[in-house]
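Colleague: I am new to this structure and would love a guided close look at one part of it. Could you choose a single spot, and then lead me outward from there to its surroundings?

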Amino acid sequence: MNKFDLQSKFSPNDDQSQAIDKLYNWLEKGEKFSTLLGATGTGKTFTIANIINKVNKPTLVISHNKTLAAQLAQEFQSFFPNNAVHYFVSYYDYYQPESYLPTSDTYIAKETQINEEIDRLRFEATTSLLTRKDVIIVASVSCIYGLGKPEELLKQFITINKGEEISIKDIAHKLVSIQYERNDTELTRGMFRISGDVLEVFPANSKNNIIKIEFFGNEIEKISVITTLTRKTLEILNTFQIPPATHHVTEKSKMEPIIKQIEQDLELQLEYFRQNNKPLEAERIEQRVRYDLEMMRETGFCSGIENYSRYIDGRKPGTMPYTLIDYFGDDFLMVMDESHITLPQIRAMYNGDYARKKNLIDFGFRLPAAFDNRPLKKEEFDQKIPQMVFMSATPGPEELEKCFDSNKTKRKIAEQIIRPTGLLDPIIEIRPTNIQVEDIAKEIEKRTINHERTLVTTLTKKTAEDLADYLLDLGVKTTYLHSEIKTMERLDILKKLRQGKYDCLIGVNLLREGLDLPEVSLIGIIDADKEGFLRSKTSLIQTIGRAARHQNGKVIMYADKITDSMNFAIKETNRRRKIQEEHNKKYGITPTTIQKEIGDSMFNAFVSAEDIAKNQEININKINKADIKYMIEQLNLEMEEYASALAFEKAAELRDKIEELEEQLNKKKR
């Protein structure tokens, strides 16, 4: 399918329709930039979905964090069930980049914990972009980081056809050349196995299905799609394209010229160090690069191969890297969600990366080519924008400047203030800081009685954790959410908040933009009068918006003075509230809380250790090995904590759960 097919039981209301018409007309006229200024809960995502449907171009939606990107991807999947909607974020659950600290002579090796599910989703995204047009990718700012050259990646796809004359041995060689590994015992993503006249391969972009290729002599007799667990045949194919197992891959015939170029640059760097009396640096770089080259000769790959991406891609020094954006071609649409946050993030990426790489290069840990494994510079990103729709309730100065029309007289901003539900912006109260902890506890209790949820924002992670502990001691079902919580855990926490397993969620800045939590009726802003990034007028408006999806929406700002930011946020909230009240009165609308189904997250294989510990029913067959291992690790930590606290009965319960999981894990290995 190459045409988008928007599915929704709703039609755009008048306010959404005028925004859609304005944005579509600007795009049709070829305007490069436009903005959708939409208040929280007005259906901005639905408006953008209608724009994508009308424009009918591949679309890249950029969000500033993984949690919001996942939420957006789910919404677009519901709007476009028959099209390719994918999620593209950094695949690291934990990432410690390679770095060198000259002051203490400390080298820190790159240390990562790759999330296999997110890695698969990235492959799904790039594969769809290379093979079809009806594609929506929801990405974090990781989309501006270096990725393999799309043309080179497409060349590496292995196409197999029923009736084709080719031996199993030849296909196996091809699979090895694109970084697949043979494992006849255990078949996981990026591996293949051979048994007699049957070759099975687990494609890098597949979740639960493998490709079974049956031979008759040297002829492909049958191609089947089967499930990994039940081995049930889902589909019989005439042809199939197997994608490479990594985005950084090149033809073996091109590897030797690449290695020669790296060797030449190594000699130049060695000469530079020797001339500048740096023998230690010269020895470091020679050992490192010689080892990497040997690995590349033998396997076509090495650890940290992305640092040689400029050679593999055939780029000149200093030229911009290939990124996800290059996989879209020339004619596509960009949408930037919460642009007031996302744009500054994009601007900041390059400088931080450059400073870290400079130390590695200056002290002999990397060749200068490592500079070219980087995120895009701001101006390079701007060059790649075909047409951009900024989306925010509080557009920043850059969006406002870029959205002037060609005559520089009028801004291309479509304002969307009216909520279809009739919901009003929340009431705002100001209370003193000396009662904030005790007071918010009482307010949470009132909301809990009515089965409503509360969000509390603090200025630091430490405060969030301390407040969570205080509320837990009072019997409030609460937890905290901050940057150290893993991606999949964040989604799980938000789902549990909606389900009522938590009554209150405490966070720092992760609670501001885009979280769609209709059960939340109260926002508590701790230390609202501390001017700064987290209490700026933009941040306050976004935070206030989290309570605008409930008919009882209320915000309590704990402050001893009214700052300029607070004053602006309060006035703007009251302005929007008045517009909605007049609309409701005119059309006889009674505000009603948004009703939104609590579905599974994109990562529906994920089950938390807490669920296991509480004896909740879990279909273990739906959980992959990586998640089982993770749950065992978490339960072991909890068991040790209970044992240290002399709570041996609870520790024994967890021990039994661990043994059950280990038994299941062993079964999966067989």
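Modeller: Let us begin at His451, which is exposed, with a relative accessible area of 66%. That value is over the 50% needed for this label, so His451 is classed as exposed and not as partly exposed. Please keep in mind as we go that this is a predicted model. You will find His451 in the loop that runs between helix 13 and strand 21, the strand covering 453-457. Its backbone deserves a look too: His451 is not a glycine, yet its phi is positive, at about 60 degrees.

From this loop, step back into helix 13, which covers residues 436-449. Its partner here is helix 14, residues 461-473, and the two axes come within 11 Å of each other, crossing at roughly 55 degrees. Helix 13 and helix 14 are therefore oblique to each other. Seen as a crossing, helix 13 passes helix 14 in a right-handed way. On the helix 13 side, the contact is made by Val437, Glu438, Ala441 and Ile444, while helix 14 brings Leu467, Tyr470 and Leu471. Sorted by class, the residues where helix 13 touches helix 14 come to six nonpolar, no polar and one charged.

Now for the wider setting. The protein chain has 670 residues, and 54% of them count as buried. Its secondary structure comes to 20 helices and 25 strands. Contacts across long stretches of sequence are plentiful: among those with a separation of 6 or more, 74% join residues that are 24 or more positions apart.

There is a counterpart to His451 elsewhere in the chain. Asn56 is not a glycine either, and it has a positive phi of about 55 degrees. Asn56 sits in the loop between helix 2 and strand 2, the latter being 59-62. Is Asn56 exposed or partly exposed? At 26% relative accessibility it falls between the 20% and 50% limits, so Asn56 counts as partly exposed.

The loop of Asn56 leads us back to helix 2, and helix 2 has a partner of its own. The axes of helix 1 and helix 2 come within 10 Å, and they cross at roughly 40 degrees. That angle makes helix 1 oblique to helix 2. The passage of helix 1 over helix 2 is a right-handed crossing. From helix 1, Gln16, Ala19, Ile20, Leu23, Tyr24 and Leu27 take part, and they meet Phe46, Thr47, Asn50, Ile51, Lys54 and Val55 of helix 2. By class, this contact of helix 1 with helix 2 holds eight nonpolar, three polar and one charged residues.

What lies further inside? In soluble globular proteins, nonpolar side chains tend to be buried together. In this model, the largest nonpolar core has 35 residues, and Ile48, Ile52, Phe76, Phe80, Ile136 and Val138 are those with the most contacts inside it. Helix 1 (14-28) and helix 2 (44-55) are among the elements that each supply at least two residues of this core. Others that do so include helix 3 (66-79), helix 4 (116-131), strand 3 (84-88) and strand 17 (333-337). Ile48 gives a good view of how distant parts of the sequence come together: beyond its neighbours within four places in sequence, it is in contact with Leu36, Phe76, Val335, Val389 and Met391. A second core, separate from this one, has 32 residues, including Val135, Leu147, Met334 and Cys403.

Strand 17 also takes us out to another loop. Pro317 is found between helix 9 (309-313) and strand 17, and at 59% relative accessibility it counts as exposed. Pro317 and Ala369 are 52 residues apart in sequence, while their C-alpha atoms are 7.0 Å apart in space. Leaving aside neighbours within four places in sequence, Pro317 is in contact with Arg310 and Asp372.

One last helix pair rounds off the tour. Helix 16, residues 537-545, and helix 17, residues 564-587, have axes that come within 8 Å and cross at roughly 40 degrees. That makes helix 16 oblique to helix 17, and their crossing is right-handed. Lys537, Leu540, Ile541 and Ile544 of helix 16 make this contact with a set of residues of helix 17, among them Met566, Phe568, Glu572 and Arg576. The residues where helix 16 meets helix 17 divide into six nonpolar, two polar and three charged.

Methods:
Residues are numbered from 1 along each chain as its sequence is written. This is a predicted model: local features need pLDDT of at least 70, side-chain atom pairs count only at pLDDT 80 or more; totals for chains, interfaces and linings use all residues. Side-chain values use heavy atoms; hydrogens and water are left out. A nonpolar core is a set of buried Ala, Val, Leu, Ile, Met, Phe, Trp, Tyr and Cys residues joined through side-chain atoms within 4.5 Å. Buried means under 20% relative accessible area, exposed over 50%, partly exposed in between (1.4 Å probe, protein chains only). Helices (H or I, at least four residues) and strands (E, at least two) are DSSP runs, numbered from the N terminus. Contact means heavy atoms within 4.5 Å. Axes are lines fitted to C-alpha atoms, for helices over the stretch in contact, and angles run from 0 to 180 degrees between N-to-C directions. Angles under 35 degrees count as roughly parallel, over 145 as roughly antiparallel, 65 to 115 as roughly perpendicular and the rest as oblique. A crossing is left-handed if the near helix is turned anticlockwise from the far one by less than a right angle, and right-handed if clockwise. Ala, Val, Leu, Ile, Met, Phe, Trp, Tyr, Cys and Pro count as nonpolar, Asp, Glu, Lys and Arg as charged, and the others, Gly among them, as polar.
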